[in-house]
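User: I'd like a close look at one part of this model, with the cut-offs spelled out as you go. Once that's done, walk me through whatever else can be said about the fold.

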Amino acid sequence: MSSFKVQRLKASSDDFNAALARLLKRDIELDAAVDSRVREIVAAVRKTGDTALLSYTNEYDRRNLTDPAALALDLESAPRAEEDVEQTLRAAAQRIEIYHQKQLQQSWTYEEADGTVLGQKITPLDRVGVYVPGGKAAYPSSVLMNVIPAKVAGVGEIVMVVPAPDGELSPAVMSAARVAGVDRVFTIGGAQAVAALAYGTSTVPRVDKIVGPGNIYVASAKALVFGDTGIDMIAGPSEILVIGDGTVPPEWVAMDLFSQAEHDEDAQSILIATDAHYLDAVEAAMHALIGSMERKDIIAASINDNGALIEVADLHAATELANSIAPEHLELAVADPQSLLDDIRHAGAIFMGANTAEVLGDYCAGPNHVLPTAGTARFSSPLGVYDFQKRSSIIGCSASGADALGKTASALARTEGLTAHASSAEYRLANNRADS
């Protein structure tokens, strides 16, 4: 299937809101069979550790291992990509590191007049696990995007897990791991890898947070172990929303829509424009270009089921609609993108102007490509250095500070009926200190 019919919507139509709601339907139906299997796998790894890990690895990755030590990989002896690929990885890594250095948070304190010191202490996580898909999926860019912010944050140890079906590993992924600075690698995948990272085994160390993409089993396992360890997010299908004013060539916009549609059939590509003729031109370009796409069947299915071309009255209406959608990727394909920026409140990443294809953010612009999906950009942010740092409050009272704050704390505690709280503060009041 490489033919498709893209849905056309008009914001002024009476049924627009209902049609938009159907388009954006993001209800995630729980797959009972997947959930049951994931719970079984996680429970087995928690109970028997390496024994279960070896068993599942042999079963799902078609391996024949008997010693759990064989799950550990010497990264320096792992396959290497061609030199030109490694150079590209190093160039992208440098840009990603420079950008994320800007996100570093620093500890701070201030002293009040009575000598009380208040502040915040920033501490990197001790150990982070990075999940990397294996098999047919080889995403070295994902390695860079997940590992480099953790390195910049100062994480003590970064553990990467990657399945090796039939013992095969992607040279590009291995090279990316070396470039990014991964400390340890284990050739495991699926829910069993998530469980091993969350709870630890004799071979795989327990981590404080798990990041990185995976299939439905990985996503379900991450949701299950959350609370026992941290996770980045539960990501849904990829999304792109383009706002166009007719000034960007239709072929460029069509290809930008395709760039996300080729991820999988559930991906979503939407164009919002103020001119029906421009929507016509982009649609014509899409039909003209689809035949040349290697993943044309996936693109066609995605566009057919989840794509849309939406006509609105003006650019203000376009930005308001974009905010209600809260897309993962938002392209401002307009002559003056800066004039719209202040109006954008909800988007994972914003791509400014005709020359800024979303794909640049996927690989090498610098900002992270791990972004909130399914409307969660309303309250979530891209993965960054701050996801690998903790904040601890600092409170240090002087004697006079304890006297002033203690009276307030005591009064509030007694209002809440917590007399031990009140007494704890009152013991430190000046008149009580004088009596003791």
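Which residues make the nonpolar surface patch of about 260 Å²?

Analyst: That patch is made by V359, L360 and Y363. Before going further: this is a predicted model, where local features need pLDDT of at least 70, side-chain atom pairs count only at pLDDT 80 or more, and totals for chains, interfaces and linings use all residues. Numbering starts from 1 along each chain as its sequence is written, and side-chain values use heavy atoms, with hydrogens and water left out.

Patch members are residues with over 30% relative accessible area and no salt bridge; nonpolar side chains (Val, Leu, Ile, Met, Phe, Trp, Tyr) are joined within 5 Å, like charges within 9 Å. The areas are Shrake-Rupley values with a 1.4 Å probe, and for residues only the protein chains shown count as cover. A salt bridge here is a side-chain nitrogen of Lys or Arg within 4 Å of a carboxyl oxygen of Asp or Glu.

Take L360 from that patch. L360 sits in helix α14, residues 358-363. Helices (H or I, at least four residues) and strands (E, at least two) are DSSP runs, numbered from the N terminus. L360 has a relative accessible area of 37%, so it counts as partly exposed; buried is under 20%, exposed is over 50%, and partly exposed is in between (1.4 Å probe, protein chains only).

There's a charged patch too. E265, D266, D297 and D305 form a negative surface patch. For the bookkeeping, Lys and Arg are positive, Asp and Glu negative, and His and the chain ends aren't counted; each charge is placed at NZ of Lys, CZ of Arg, CG of Asp or CD of Glu. One of the members, D305, belongs to helix α11, residues 296-306, and it counts as exposed because its relative accessibility is 52%.

Zooming out, the protein has 17 helices and 15 strands. Its C-alpha atoms fill a box of roughly 90 × 60 × 45 Å along the principal axes, and 49% of its 436 residues count as buried.

Now the inside. The largest nonpolar core has 37 residues, and V143, L144, M160, M174 and F388 touch the most other members. A core in this sense is a set of buried Ala, Val, Leu, Ile, Met, Phe, Trp, Tyr and Cys residues joined through side-chain atoms within 4.5 Å. The elements giving two or more residues to this core are α4 (83-101), β5 (127-131), α5 (140-153), β6 (157-161) and α6 (171-180). Of these, α5 supplies the largest share, 8 residues.

M174 also turns up in a contact across the sequence: its C-alpha atom and that of S77 are separated by 9.6 Å, although the two are 97 residues apart along the chain. S77 is in the loop between β2 and α4, and with 56% relative accessible area S77 is exposed.

On to the charge pairs. Side chains of opposite charge can pair when their charged atoms come close. This structure holds 17 salt bridges, and three are worth a tour.

Start with R39 and D35, whose closest N and O atoms are 3.2 Å apart. Both lie in helix α2 (residues 32-48), 4 residues apart, about one turn of the helix. R39 is partly exposed at 46%, and D35 is partly exposed at 22%.

R90 and E86 are set up along similar lines: their closest N and O atoms are 3.4 Å apart, and they are 4 residues apart in helix α4, separated by about one helical turn. R90 is partly exposed at 38% relative accessible area, whereas E86 counts as buried at 9%. Salt bridges that share partners join E76, R80, E83, E86 and R90 into one network.

The third, R62 with D166, has its closest N and O atoms 3.0 Å apart. R62 lies in the loop between α3 (50-60) and β2 (72-73), and D166 in the loop between β6 and α6, so this pair ties together parts that are 104 residues apart in sequence. D166 is partly exposed, with a relative accessible area of 46%. Check the backbone on both partners: R62 has a positive phi of about 55° without being a glycine, and phi of D166, also not a glycine, is near 60°.
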